[in-house]
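User: I'm new to reading protein structures, and I'd like a close look at a single part of this one. Could you take me through the metal site and what lies around it in the chain?

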Amino acid sequence: MAIKGVIRAGFMQLRVLDMEKSVHHYEDILGLDKVGETSDGRVLLKGYDEFDHHSLILRKADSPGMDFMGFKCDCEEFLDEVYEKTLAYGLECQWVDANSDQPGFGRRLAVKLPSGHRIDLYASVELAEKYPGLVSPEIWVEQPRGMSVKGFDHALLYGPELDKTVKYMTGVLGFHIVERCDKPDGSQLVYWITSSNKPHEVAFLEYDKPGKLHHVAFALDNWNEIGHAADLITINDISMDAGPMRHGVTRGYTNYFFDPSGNRNETYAGGYTYCPDHPIRVWDMDNIGRGIFYYERKLNDRFLAIVT
Amino acid sequence: MNKIFVNNRILLNKEHDSVLDTFEALHDKHLLIGCRRGGCGKCLIKVLQGEYEVIRDMSQGNIDLKNNIVLACCIKPKTDLKITIL
Ligand code: FES
Ligand SMILES: [Fe+2]
C-alpha cells in the first residue's frame, strides 16, 4: 500500500489548567520527552519512538480541551490541492506560517471542520533532537520512562455535523471509513477513520457541543505494556476511567484515564492492520457497549457524557 | 468527620476526600463521577452553608466562586457543608 496524501495523525495542542502537574503527568508518568518551551510558555513534548520535532503541545488555559490536531501529509503540493478543494467544499481554512507558533514545523493549512474542531495539515517538520536510531539501531536510544509511550496515536473528537465532517475527511482528505456505529434511525453516531494501515487515526462522534475532545491516545506495543501503564495509573493516583481492557472496535488493548486537568488520555496497543480494500465494520446501539468495552460489554456512565 | 448535607441525605466526608470522592465512595449516583480533576464540569454544585478548601484548579466554564458555585471534585469540606447539585 502506498500511503499518499494524509499519512498520519501527527500532533495535538492540548489546554491544561496546571502546567507543572501536566508536565509531570506527560513527561514522568506517560514517558514523553520534553523538547522545549515556547516564548509564550507552551511546553513541547514527543515520544521516544517519534522522529518529528514534537507531537504534543501543552498550553495553560482556563478550561481544558484541544486547540487543534495536526495531520502529516506526504508533500507540499498536496497541501495546495487541499486548500483549493477545502474552499470549494465550503469550509474556512487559512495558512499558518512556517516556524511560527510550532517551532520546527513548515507551513500548515488550518481547516475549521463542521464539527467545530480545527485540524492542521502540514508536510514538512524538522527532525527532533532525539529520535530513534537509524544505523543498525538498538530498540531505543535512551531507556524509556514511565508508561514508555512511543508517541501520539489518535484521538476521538465530539461535535455536531458528523456527516458533513466525515464527508470532508474522506472526500477531500482521502481518509477511509474503517468502522462505524449506527443509531436506530439509520443515522450514524460514530465513525472511526484512517489514512494509513492503522485501524484509526481519528474518530468522530455526533454531539451537540462543538470542538470537544473525548480522548487523546498514545501508542504502546502490547498487552503487557497496557498492564504496566495500569499499574502506574494506580501507583500515581491518576484518575482512572476504564481498563485495562480491549475494544471490539479495532480490537486494540487500552486504558482510559484522566490527566490532571480532566482531559481523557488513552494508552492504546495492537489493533488489526487496515487495508483500503477492507469492507466497513458496522456496530449498532445494542452492541456498541461490547464495541468499546469488550469485556464488560456495556459502557460506563462516563463514556458518552464526559468530554473536555 | 465533616458531614455533607444534600437534599434529605447526610454523607460522611473522610479526611483527604473531596466532596465528589465522598459521593463516589458511598456509590451515591446523584452526582456523575466524571474526570475527578476539575476539567469536565459535570460535578457542579452550589455550597449553601459551611466552609471549604479548593484543592485543585477548576475549569472556569460554569463556576462562580463568589456565589459558591464550584466543582465537587475540586473542594474539600473544612466544616459541615450544605450543598445542592446543579
Ligand atoms: S468530575 Fe470532572 S469536573 Fe469534577
Ligand atoms: Fe481511542
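Analyst: Here is a walk through the metal site, followed by the largest pocket and a set of paired strands. Keep in mind as you look that this is a predicted model.

Start with the metal. The iron ion (ligand 2) is held by two histidines and a glutamate: A:H154 and A:H215 each coordinate through NE2, while A:E266 uses OE. These contacts run from 2.0 to 2.1 Å. If you mark the three donors along the sequence, you get the spacing H-x60-H-x50-E. The pair A:H154 and A:E266 links distant parts of the chain, being 112 residues apart. A:H154 belongs to strand β9 (residues 152–159) of chain A, and A:E266 belongs to strand β16 (residues 264–270) of chain A.

Are these two donors buried or exposed? A:H154 has a relative accessible area of 1%, so it counts as buried. A:E266 is also at 1%, and therefore buried by the cut-off of under 20%.

Those two strands come up again when we turn to the largest pocket. β9 and β16 of chain A, along with β1 (6–16), each supply at least two residues of its lining. The top contributor is β1(A), which gives four residues. The pocket has a volume of about 500 Å³, and 25 residues line it. If you want to find its centre in the viewer, look for A:R8, A:F152, A:D153, A:K198 and A:A219, the lining residues that lie nearest to it. By class, the lining has nine nonpolar, seven polar and nine charged residues. Both domain 1 (6–122) and domain 2 (151–305) of chain A take part, with at least three lining residues drawn from each.

Now for some strand pairing elsewhere in the chain. Strand β10 (residues 176–182) of chain A pairs with strand β11 (residues 188–194) of chain A in the antiparallel sense, over six bridges. Within this pairing, A:I177 stands opposite A:I193 of β11(A). The two strands form a hairpin with five residues between them, and there A:G186 takes a positive phi near 90 degrees.

β10(A) has another partner too: strand β17 (residues 281–284) of chain A, which pairs with it in the parallel sense over four bridges. Here you can spot two aspartates facing each other, with A:D182 opposite A:D284 in β17(A). So that you can practise, try tracing β10(A) between its antiparallel partner β11(A) and its parallel partner β17(A).

Notes:
Residues numbered from 1 in each chain as written. Chains lettered and ligands numbered in written order. Predicted model: local features only at pLDDT ≥ 70, side-chain atom pairs only at ≥ 80, totals over all residues. Heavy atoms only, no water. Donors = N, O, S within 2.8 Å, 3.2 Å for Na, K, Ca; no water. Buried < 20%, exposed > 50% of the residue type's maximum accessible area, 1.4 Å probe, protein only. Pairing = 2+ DSSP bridges. 1 Å grid on protein atoms, 1.4 Å probe; cavity = no way out; pocket = protein on both sides within 12 Å on 5 of 7 lines; lining within 4 Å. Points joined across faces, edges and corners; volume = space filled by probe spheres on them. Nonpolar A, V, L, I, M, F, W, Y, C, P; charged D, E, K, R; others polar. Domains from an automatic or database assignment.
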